[in-house]
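This report covers the fold of a chain, its central sheet and the way two copies meet. Please look over the sequence and the structure before reading on.

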There are 2 protein chains.
Amino acid sequence: MIMNITTIAFDADDTLWANEDLFVATQQQYMQLLAPFRADWDAEELHAAERRNLAYFGYGIKGFTLSMIETAIEVSNGAIPGRDIAKIIDMARAMVHAPLPLLPGVAELIPQLSTKYSLMLITKGDLFDQEAKIARSGLSDSFRHIEIVSEKSPHAYQRILQRYDINPQSFVMVGNSLRSDILPVVAIGGHAVHIPYHLTWAHEHVDIPANERTWQECDSIADFTHWLAQC
Amino acid sequence: MIMNITTIAFDADDTLWANEDLFVATQQQYMQLLAPFRADWDAEELHAAERRNLAYFGYGIKGFTLSMIETAIEVSNGAIPGRDIAKIIDMARAMVHAPLPLLPGVAELIPQLSTKYSLMLITKGDLFDQEAKIARSGLSDSFRHIEIVSEKSPHAYQRILQRYDINPQSFVMVGNSLRSDILPVVAIGGHAVHIPYHLTWAHEHVDIPANERTWQECDSIADFTHWLAQC
């Protein structure tokens with residue numbers, strides 16, 4: 001296969017660093033906090049609130065926190081005391097400043113790739129959360145362009161490629177979400193490499209039969225660089 | 001005065017449409033909600049929480065809402081019931097979808113200016129809130145570039161001008177905040193036009209003696225277009 005890739009764009013959360021783990025861990029703390037009020041509930045009520053609130057609050061820690069507070073009031077039938085709501089807001093602040101574990105190979109391979117390719121970071125979510133994470137990652141100097149979007153639609157990718165005058169044929173997007181990183185890029189004629197993460201947020205799940213896949217699957221960022229060397 | 005302006009950038013909130021009014025109105029509703037718990041408090045406690053939380057939650061409706069919830073718990077000494085906290089979250093949802101009143105002259109003059117100049121929108125705040133407002137404004141087709149940043153520093157403006165290869169001498173920024181729209185642009189050698197708004201968020205207040213002003217003051221967007229015609 002001969003491809004002329006000049007620009008590599010990476011997703012950030014769960015592609016370069018672990019992120020979903022932090023939401024899962026916070027959710028566990030949260031369920032313990034609510035256990036005295038109703039023992040038999042599961043996280044589905046929280047997930048339903050998150051989905052309902054997406055149209056009002058978007059993605060990110062603050063929207064998640066407002067959904068946790070709202071669900072706590074519902075699940076406890078209004079009995080949750082103020083000091084427990086304050087603990088939920090403390091959890092949000094802890095998430096904002098939580099350690100940001102880079103995934104294996106990322107700290108070495110991203111700076112290396114930046115010497116040969118024009119690298120971009122394309123991430124979805126809350127501007128404030130994402131900028132804070134990029135700054136803490138220590139990787140920002142490796143990226144020529146950083147784009148934070150509210151939704152990763154085909155149109156959003158098209159706008160980014162036009163802005164920097166990039167041909168989709170010479171562009172590859174690398175990410176863990178089929179829904180956000182792979183399908184919209186394939187739809188506009190770009191290349192895409194899927195590196196699955198061990199946790200996927202329910203909202204990002206997509207099922208595609210193996211024979212309909214028009215993208216590359218890789219196990220890790222090291223695996224991706226091997227694939228790239230053969231392009 | 002002869003200037004060769006080719007790009008005009010506008011701030012959005014309280015420059016193109018009324019925004020601070022919505023925060024003030026919500027705050028009044030909120031103070032009524034809390035009146036039964038402590039009659040003698042003033043909004044300074046809420047403002048202090050907002051300032052403290054800026055480093056965790058940034059600007060926008062969601063951060064403001066988390067600060068309202070936290071202050072409600074403090075002011076009521078934990079006695080505020082869950083159903084009142086739920087009402088605060090309802091206020092946040094109402095803010096997200098509140099009417100967006102364009103300021104006088106904006107609906108006519110922005111499309112007119114876009115036929116002669118390259119227009120940009122440069123706005124600070126929550127990505128989700130700002131995108132929703134831009135979409136509802138009906139003005140987005142008039143803007144060649146839309147930039148949403150988390151903080152309007154000289155560096156943030158410099159990055160935007162570099163991205164689009166714009167000379168600061170041919171660039172003018174129009175906005176209501178000296179701190180965010182005027183001073184950082186003057187600092188990097190661009191032109192700036194200040195259109196004060198009748199409400200200014202305490203965080204944006206700056207005092208500058210009249211004889212040190214290196215920017216243009218205008219009363220309205222119509223007044224700005226008159227000034228521009230003479231440049």
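In this predicted model, 39% of the 231 residues of chain A count as buried. Taken along the principal axes, the C-alpha atoms of chain A fill a box of roughly 65 × 35 × 30 Å. Among the contacts in chain A with a separation of 6 or more, 69% are between residues 24 or more positions apart.

Chain A has 9 helices and 6 strands. The radius of gyration of chain A is 19 Å, close to the 17 Å that the globule rule gives for 231 residues, so chain A is as compact as a globular protein of that length.

**The sheet**

In what order do the 6 strands of chain A lie in the sheet? The order is S3-S2-S1-S4-S5-S6, and the sheet is open with parallel pairing. The edges are taken by S3 and strand S6 (216–217) of chain A, each with a single partner strand, so one side of each is left without a neighbour in the sheet.

At one of these edges, strand S2 (residues 118–124) of chain A runs parallel to strand S3 (residues 145–149) of chain A, and 5 bridges join them. One example is A:Thr123, whose bridge partner in S3(A) is A:Ile148. Between these two strands the chain passes through H6(A), in a β-α-β crossover that is right-handed.

**The two chains**

How are the two copies placed relative to each other? Chain A is superposed on chain B by a rotation of 180° with 0.0 Å of shift along its axis, with an RMSD of 0.0 Å. This is the relation of a two-fold axis. The same surface serves both copies, since 100% of the contact residues of chain A recur in chain B.

The contact involves 29 residues of chain A and 29 residues of chain B. Four helices of chain A each supply at least two residues of the side that touches chain B:

| Helix of chain A | Residues |
|---|---|
| H2 | 44–57 |
| H3 | 61–75 |
| H4 | 82–96 |
| H6 | 127–137 |

Of these, H4(A) gives the largest share of the side of chain A that touches chain B, with 8 residues. By residue type, this side of chain A divides into 16 nonpolar, 7 polar and 6 charged residues. H6(A) thus has two roles in this description: H6(A) lies on the crossover from S2(A) to S3(A), and helix H6 (127–137) of chain A supplies at least two residues of the side that touches chain B.

Key: Residues are numbered from 1 along each chain as its sequence is written. Chains are lettered from A and ligands numbered from 1 in the order in which they are written. This is a predicted model: local features need pLDDT of at least 70, side-chain atom pairs count only at pLDDT 80 or more; totals for chains, interfaces and linings use all residues. Copies are superposed by least squares on the C-alpha atoms of residues with pLDDT of at least 70 in both. Two residues are in contact if their C-beta atoms, placed from the backbone, lie within 7 Å. Ala, Val, Leu, Ile, Met, Phe, Trp, Tyr, Cys and Pro count as nonpolar, Asp, Glu, Lys and Arg as charged, and the others, Gly among them, as polar. Two strands pair if DSSP finds at least two bridges between them. A crossover is right-handed if, with the strands pointing away from the viewer, the path from the first strand over the helix to the second runs clockwise. The radius of gyration is taken over C-alpha atoms; the globule rule is 2.2 Å times the number of residues to the power 0.38. A residue is buried if 20 or more other C-beta atoms lie within 10 Å of its own, exposed if 12 or fewer, and partly exposed in between; C-beta atoms are placed from the backbone.
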